[in-house]
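Q: Could you walk me through this structure feature by feature, giving the general idea before the particular case?

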Amino acid sequence: RCSTSHRTSTCRPFLRGRLDPFHVERSTRIKDVLRICPLHGGGKTSFALNVVANMARRGIKIGVISIEMSAGELLERLYANEAGIALDRFEEPMTDEEVARFESARAYVDKWNLHIDEATLQTIESAPKMFEKMRKEFGIEIGFLDYIELLTDDASRTATERMTRSSHALLRTVHHLGIPLVVLAQFNRTA
């Protein structure tokens, strides 16, 4: 059942070479924050949605805070992926067979324990509270944040300070709630 409510330079390479543009900051603890840090346009949301779909198919309860995209956009991507239809097919009329596959995929995905908050403005203080709310209301077992640079904070003077405050707040959330968080971040090679 789907529901909606309203650059770090510390990333280490996960896979090297031309095979994968992603960088991941990995933790030594299971219940910790995992930051996924590709370059701009590197497909961080697509990667995360593939992970979400694989977990949801296994019955895992998932909470997503999306600052960059609406819940409708994320769900459309999940439906299309599950139906095996490329997103660019939505730019022109689909065949009857594609419409049937899309509708079947939508019915299937809507049964998942996936809870999406599409707040357009999240602060460093509100994002952890939203994960706590999802944990209490829906029993989420993992949370995804897309993406950390869009969190706002009046107290931080620089992007580095904001990233540090955000990371610490999310890490406290992990320890408080006892669930892992996957935090998407945009990796900046020049930093």
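Q: Is Tyr 108 buried, partly exposed or exposed, and at what relative accessibility?
A: The model is a predicted one, and the relevant cut-offs are under 20% relative accessible area for buried and over 50% for exposed, with partly exposed in between. Tyr 108, at 37% relative accessibility, therefore counts as partly exposed. Trp 112, by contrast, has a relative accessible area of 4% and is buried.

Q: How many aromatic pairs are there in the whole structure, and what is the geometry of the pair formed by Phe 90 and Phe 102?
A: Rings are taken to pair if their centres lie within 6.5 Å, and planes over 60 degrees apart count as edge-to-face. A search of the whole structure finds three such aromatic pairs. In one of them the ring centres of Phe 90 and Phe 102 are 5.4 Å apart and the planes stand at 75°, so this pair is edge-to-face. It links distant parts of the chain, since Phe 90 sits in the loop between α2 and α3 (96-109) while Phe 102, twelve residues apart from Phe 90, belongs to helix α3. Phe 90 is partly exposed at 28% relative accessibility, whereas Phe 102 is buried with a relative accessible area of 10%. Tyr 108 and Trp 112 likewise form an edge-to-face pair, with 5.7 Å from centre to centre and 80° between the planes.

Q: Which residues do ring pairs link into a cluster?
A: The cluster consists of Tyr 79, Phe 90 and Phe 102, linked by ring pairs.

Q: How should I read the salt bridges, and how many does a search of the whole structure find?
A: Side chains of opposite charge can pair when their charged atoms come close. Six salt bridges are found in a search of the whole structure. One of them joins Arg 57 to Glu 82, with 2.7 Å between the closest N and O atoms. Arg 57 lies in helix α1 (residues 44-57) and Glu 82 in helix α2 (residues 71-83), so this pair ties together parts that are 25 residues apart in sequence. Arg 57 is partly exposed at 34% relative accessibility, and Glu 82 is also partly exposed, its relative accessible area being 26%.

Q: What separates Lys 136 and Glu 132 within helix α4?
A: These two residues form a salt bridge whose closest N and O atoms are 3.5 Å apart. Because Lys 136 and Glu 132 are four residues apart in helix α4 (residues 126-138), about one helical turn separates them. Lys 136 counts as exposed, at 68% relative accessibility, while Glu 132 is partly exposed with a relative accessible area of 25%.

Q: Which residues are linked with Arg 89 in a network of salt bridges?
A: The network links Arg 89 with Glu 92 and Glu 98. Within it, the side chains of Arg 89 and Glu 92 meet in a salt bridge with an N to O distance of 2.7 Å. Arg 89 is buried, with a relative accessible area of 19%, and Glu 92 is partly exposed, with a relative accessible area of 49%.

Q: How many residues of strand β7 are buried, and which ones lie on each side?
A: In a regular strand the side chains alternate between the two faces of the sheet. In strand β7 (residues 142-146) five of the five residues are buried, so the strand is largely enclosed by the rest of the structure. Both of its faces are covered, with Ile 142, Phe 144 and Asp 146 buried on one side and Gly 143 and Leu 145 buried on the other.

Q: Which strands pair with β7, and in what sense do they run?
A: Strand β5 (residues 62-66) runs parallel to β7 and is joined to it by five bridges. Strand β8 (residues 181-184) also pairs with β7 in the parallel sense, over four bridges. Leu 145 illustrates both pairings, as Ile 65 stands opposite Leu 145 and Val 183 in β8 is the bridge partner of Leu 145.

Q: Where is Ala 48 placed, and which residues does Ala 48 touch beyond those up to four places away in sequence?
A: Ala 48 belongs to helix α1 and, at 6% relative accessibility, counts as buried. Leaving aside residues up to four places away in sequence, Ala 48 touches Phe 144 and Leu 184. The C-alpha atoms of Ala 48 and Asp 146 are separated by 8.6 Å, although the two residues are 98 residues apart along the chain.

Notes. Residues numbered from 1 in each chain as written. Predicted model: local features only at pLDDT ≥ 70, side-chain atom pairs only at ≥ 80, totals over all residues. Heavy atoms only, no water. Salt bridge = Lys/Arg side-chain N within 4 Å of Asp/Glu carboxyl O. Helix = DSSP H or I, 4+ residues; strand = E, 2+ residues; numbered from the N terminus. Buried < 20%, exposed > 50% of the residue type's maximum accessible area, 1.4 Å probe, protein only. Contact = heavy atoms within 4.5 Å. Phe/Tyr/Trp six-rings, centres within 6.5 Å; stacked < 30°, edge-to-face > 60°. Pairing = 2+ DSSP bridges.
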